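Work through the exercises below with the structure open beside you. Try each task before reading its solution.

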Amino acid sequence: MSDDETAGVLALARRIALAAGAIQRERFETGVSVATKSSAIDLVTEVDHACEKAIVESIQGERPDDAILAEEGHGEDTDGREWRWVIDPLDGTTNYAHGYPRFCVSIGVERNRVREVGVVYDPLLDELYHAVRGGGAWLGERSLSVSTCSELGSALVATGFAYDVHRNSRESAACFASMLEAARGIRRDGSAALDLCYVAAGRFDAYWELKLHPWDVCAGNLIVEEAGGRVTAADGGPAPANGSSVLASNGRIHDQVLERLQSAGGDAGASS
Ligand code: IPD
Ligand code: CA
Ligand code: CA
């Protein structure tokens, strides 16, 4: 349950998520500059950097002793700190760069390496998700619960693909094909953090992805768990904090999805 310090961390996380979201909203579809990172399809825009700078400066100003792991490299991930902020300043950069209106800010905070606070903000829908360990998951003032769907055949599921997919498509394609044959529908909407929040909100019944990063899942995994869902690696093992794979679901269809992923070979190295 929340103590005073956790409540302060949550308040700060919400404030900075709203501020970064405002930057995203204001600059959406204004022709922002785009560069590439690990591959030709791994993009970063000036808005990713502007959001991260604003977020990191606020944390450093108010909580200078905390460690910070942020996707674009601002902040210091110093060992041995009680609190660590894990930040995706703009989750859904490809969407953002193309003017596709689905992206968010994702801020997870660990206390002694255990996820304590998660905040995700979708600035276009003005949807602010949050969770505190033991305190439930929330969308604004609304308490969130995962769906009650118990058959994969009636489920709406989501996935995503890593930025090395041009070189390594086999595993992802096999999982996708296997789920295509089993689920009611599949979405690939380009923001892992929002996909997780949609599982928490009962909009998706399950979401899986391979080769994510800590900042993609830190906030969202806590939000799913606090909404009563289940989060594991794609092989059913404990959910890796580094995001190397994730399967998040309402719990009821978890084993059905796992079986599909495993038979498609999507569990290879999943917990590593
Ligand atoms: C990406 C998005 C996407 C997922 C990728 C992520 P980014 O994050 O969450 O949905 O499929 O694996 O890397 O690069 O937009 O922050
Ligand atoms: Ca991301
Ligand atoms: Ca990002």
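**Exercise 1.** Find which strand gives the most to the shell around ligand 1.

Solution. In this predicted model, strand S4 (residues 83-91) contributes three residues to that shell, the most of any strand or other element. Next, look at the shell itself: it has 16 residues, and the nearest are Asp91, Gly92, Thr93, Tyr163 and Glu209.

**Exercise 2.** Describe where ligand 1 sits and list polar contacts of its oxygen atoms.

Solution. Step one is the location: ligand 1 occupies the largest pocket. Step two is the contacts.

- With Thr93, an oxygen atom of ligand 1 is 2.8 Å from a polar backbone atom.
- With Ser191, the partner is again a polar backbone atom, and the distance is 3.0 Å.
- With Arg188, the partner is an N or O atom in the side chain, 3.1 Å from an oxygen atom of ligand 1.

Step three is the cover: on its own, ligand 1 has 380 Å² of accessible area, and the protein covers 96% of this.

**Exercise 3.** Name the protein donors of the calcium ion (ligand 2) and give their spacing along the chain.

Solution. Three aspartates donate through OD atoms: Asp88, Asp91 and Asp216, at 2.1 to 2.3 Å from the ion. Written along the chain, their spacing is D-x2-D-x124-D. Now check two of these donors for burial, which requires a relative accessible area under 20%. Asp88 has 1%, so Asp88 is buried. Asp91 has 6%, so Asp91 is buried as well.

**Exercise 4.** Do the analysis for the calcium ion (ligand 3): what coordinates this ion, and at what distances?

Solution. The donors are Glu71 (OE), Asp88 (OD) and Leu90 (O), at 2.2 to 2.4 Å. Their spacing reads E-x16-D-x1-L. To place two of them, note that Glu71 is in the loop between strand S3 (67-70) and S4, while Asp88 is in strand S4; the pair therefore ties together parts that are 17 residues apart in sequence. Glu71 has a relative accessible area of 21%, so this residue is partly exposed.

**Exercise 5.** Which residue bridges the calcium ion (ligand 2) and the calcium ion (ligand 3), and how far apart do the ions lie?

Solution. Compare the two donor lists. Asp88 is a donor of ligand 2, and Asp88 also coordinates ligand 3. Asp88 is therefore the bridge, buried at 1% relative accessible area. The distance between the two calcium ions is 3.8 Å.

How values were computed:
Residues numbered from 1 in each chain as written. Chains lettered and ligands numbered in written order. Predicted model: local features only at pLDDT ≥ 70, side-chain atom pairs only at ≥ 80, totals over all residues. Heavy atoms only, no water. Donors = N, O, S within 2.8 Å, 3.2 Å for Na, K, Ca; no water. Buried < 20%, exposed > 50% of the residue type's maximum accessible area, 1.4 Å probe, protein only. Near = heavy atom within 4 Å. Polar contact = N/O pair within 3.5 Å; in protein donor to acceptor, adjacent residues only side chain to side chain. Areas by Shrake-Rupley, 256 points an atom, 1.4 Å probe, with all protein chains shown as cover. 1 Å grid on protein atoms, 1.4 Å probe; cavity = no way out; pocket = protein on both sides within 12 Å on 5 of 7 lines; lining within 4 Å. Sits in = over half its atoms within 2 Å of the grid points. Helix = DSSP H or I, 4+ residues; strand = E, 2+ residues; numbered from the N terminus.
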